[in-house]
2 protein chains.
Amino acid sequence: MPTPEAFFNAIRCFDPGTLAYEASPGRTSLIEAIQKYYANLGVTLDKGDIFITTGGSEALLFTCLSILDPYTEVIIPEPYYPNYTTFVHAAGGVIRALPTCPEEGYHYAFRDRIEKLITNNTRAIMITNPGNPTGVVLTEEEMRMIADIAKKHDLFLISDEVYREFCYDDKFGVPCMGRFTDIDDNLIIVDSVSKRFSSCGARVGCVITKNKDLQQALLKFCQSRLSVATMDQVGATALYSVEPDYFEKSKEEYRRRRDAVMTGLRKIPGVLVEEPMGAFYVMARLPVDDADKFQQWLLEEFSDDNETVMFAPGAPFYETPGSGINEVRIAYVLEQKELERAIALLGKGIARYRKEIMGL
Amino acid sequence: MPTPEAFFNAIRCFDPGTLAYEASPGRTSLIEAIQKYYANLGVTLDKGDIFITTGGSEALLFTCLSILDPYTEVIIPEPYYPNYTTFVHAAGGVIRALPTCPEEGYHYAFRDRIEKLITNNTRAIMITNPGNPTGVVLTEEEMRMIADIAKKHDLFLISDEVYREFCYDDKFGVPCMGRFTDIDDNLIIVDSVSKRFSSCGARVGCVITKNKDLQQALLKFCQSRLSVATMDQVGATALYSVEPDYFEKSKEEYRRRRDAVMTGLRKIPGVLVEEPMGAFYVMARLPVDDADKFQQWLLEEFSDDNETVMFAPGAPFYETPGSGINEVRIAYVLEQKELERAIALLGKGIARYRKEIMGL
């Protein structure tokens, strides 16, 4: 999807003479724009609750460095965004995976299963909602239940909501944990302009918390790296002024892409997949022995009209060894026609691989 | 100093439609520009030796996260850039300070003093050359000696050379540890466009190493945060095409500023200061009891023609408790006239403070 022109226009008009450091917690105009955006979601934030970061990535890294000590634990439903591993490990922390499975549509909001993982070393529960790689979106009741667990056990709840606008069923609305004000001291929201405004290369995100001690720690990390790139903050500020119908149009386009992928996948015999409710991804179990081996074969041996197809093998999205071996993550970030062709190629590839390599 | 127009022009001409992630190790054109810049310094780099980072800050953070385990040690001459503390501590490391003093002009290149600090837990020696906050520049012989220590004890040598172009005595040339090819496996160079091209707000730096294991670790951290801001890398690439006389003009301006500050400081009775050989800073011992208290007094009680002056108190630049109490760091990043007035104000402030507060 194209990045809104507002981003480039704002940067082209910005002529500071000397490109100086911005304030460490972020450019005031951008913080105010985000404050207003959250107010429209029904979430009241002080300016001091928002720390601009270099993408959602830095928000995650600073969060982990702030709240984790060596050997403390973070509960994360698996499969999960693989870079969580690096951020948690950089802080010396340990991931306690909450297993899910394709048979249950990768749903993870089960109170008993989550509470069973909590130990004296647990510091946080971390979720991506809507989910990458599964597309799972929590219902309001599920969000409330997870908030209750965090509150009851005095854990941080790290809610990575960078795909917030991409929910394909109206029942979910625009999800935001920030509406539960009784968990203000527990909640950490990770956010970014990357997906919301199709501007990944801007590297502008933020971390939001009302916990005062955590704010102190985050500020220290923000100060240590001086500031987030000035021009990108200028551009990101402008992004928050796009018309609301931008989100609707953008969501419609991704819904079409998702539907195209699902229609294609359902035609392939033996594929286990549930329709993703949000984000840009679908996780599926393929009727192959090993998705990584299959991917390599697709790249090296397979070709149909001189074309082949590439996906993300599932195993790296899991913490538990052996999980996800025959699963894949498909990102529906291409245009509909290309996606349709890609899924058709996948189907042909599976059929040939099963016959030639698996001898079925 | 103004940022070269090349930065803004390159960004204004860049119109990608969709602002996508750059490659995790950095934009190829920027890596090639840096490769060429180093070739002109007599340092041969492969593209894979250079990792573009979000400022020198991220280069330092990723370096520390890559090479330090909890309780391992880094030897750093003090006073040093205070953010080193955050980066080393984020990785669980410990700073072993190599003390210096204003009486010796903050010089730290003493083989016996450095080797005395090396233990089984030492992983690295970290230097800033030219130095922030002291302005100390290593001679060629001193650089070679420190390289020898790193090699002999198999330590990493982290050489933060972001002020490389700002050496005010021709005998230093343009210092770069990268010329000692026999320490390829030990050396980590931290670099940035912030000072070189007066473009702090671009947040574009790099970390350079030929150590293959370290490259693997750095790549993992680079991948975890996806990429450095795309537009800023486009601008930074253009910066490396400025005419060589840009550096000369820039250095001349800073030399004038340094000379103005030194002339002023030498007129103030009781100030202990040695002429800094590089960077934009001068560290000085003032004839006051406590620089932090004095600074507060300057801001709250002192005024001359409705003006006062601000500097950085010295203590936070030291690891050793009690050190630097009556020292200050002055950054000569303002224009000459303003610097002259600032130092005059400092002199007046010291005189009044000694009389009114210290009773001298």
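**Symmetry.** I superposed chain B on chain A in this predicted model. The fit has an RMSD of 0.0 Å and needs a turn of 180° with a shift of 0.0 Å along the axis. I therefore recorded the relation as that of a two-fold axis.

I then asked which residue of chain B comes closest to the rotation axis. It is B:Arg12, whose C-alpha is at 2.6 Å.

**Contact between the chains.** I looked up how many residues each chain brings to the contact, and found 43 residues from chain B and 43 residues from chain A. On the side of chain B that touches chain A, I noted five helices that each supply at least two residues: α1 (5-13), α3 (55-67), α4 (83-90), α7 (212-224) and α8 (230-239). Of chain B's elements, α3(B) gives the most to this side, with 5 residues. By residue class, I entered 20 nonpolar, 15 polar and 8 charged for the side of chain B that touches chain A.

I also checked which surface each copy uses. Of the interface residues of chain B, 100% are also interface residues in chain A, so the copies meet through the same surface.

**Nonpolar core.** I turned next to the largest nonpolar core, which has 214 residues. The residues with the most contacts inside this core are A:Cys64, A:Leu157, B:Cys64 and B:Leu157.

I followed A:Cys64 further and listed what it touches, leaving out residues up to four places away in sequence. Its partners are A:Phe87, A:Val88, A:Ala90, A:Ala91 and A:Gly93.

Note on methods: Residues are numbered from 1 along each chain as its sequence is written. Chains are lettered from A and ligands numbered from 1 in the order in which they are written. This is a predicted model: local features need pLDDT of at least 70, side-chain atom pairs count only at pLDDT 80 or more; totals for chains, interfaces and linings use all residues. Two residues are in contact if their C-beta atoms, placed from the backbone, lie within 7 Å. Helices (H or I, at least four residues) and strands (E, at least two) are DSSP runs, numbered from the N terminus. Ala, Val, Leu, Ile, Met, Phe, Trp, Tyr, Cys and Pro count as nonpolar, Asp, Glu, Lys and Arg as charged, and the others, Gly among them, as polar. Copies are superposed by least squares on the C-alpha atoms of residues with pLDDT of at least 70 in both. A nonpolar core is a set of buried Ala, Val, Leu, Ile, Met, Phe, Trp, Tyr and Cys residues joined through C-beta atoms within 7 Å. A residue is buried if 20 or more other C-beta atoms lie within 10 Å of its own, exposed if 12 or fewer, and partly exposed in between; C-beta atoms are placed from the backbone.
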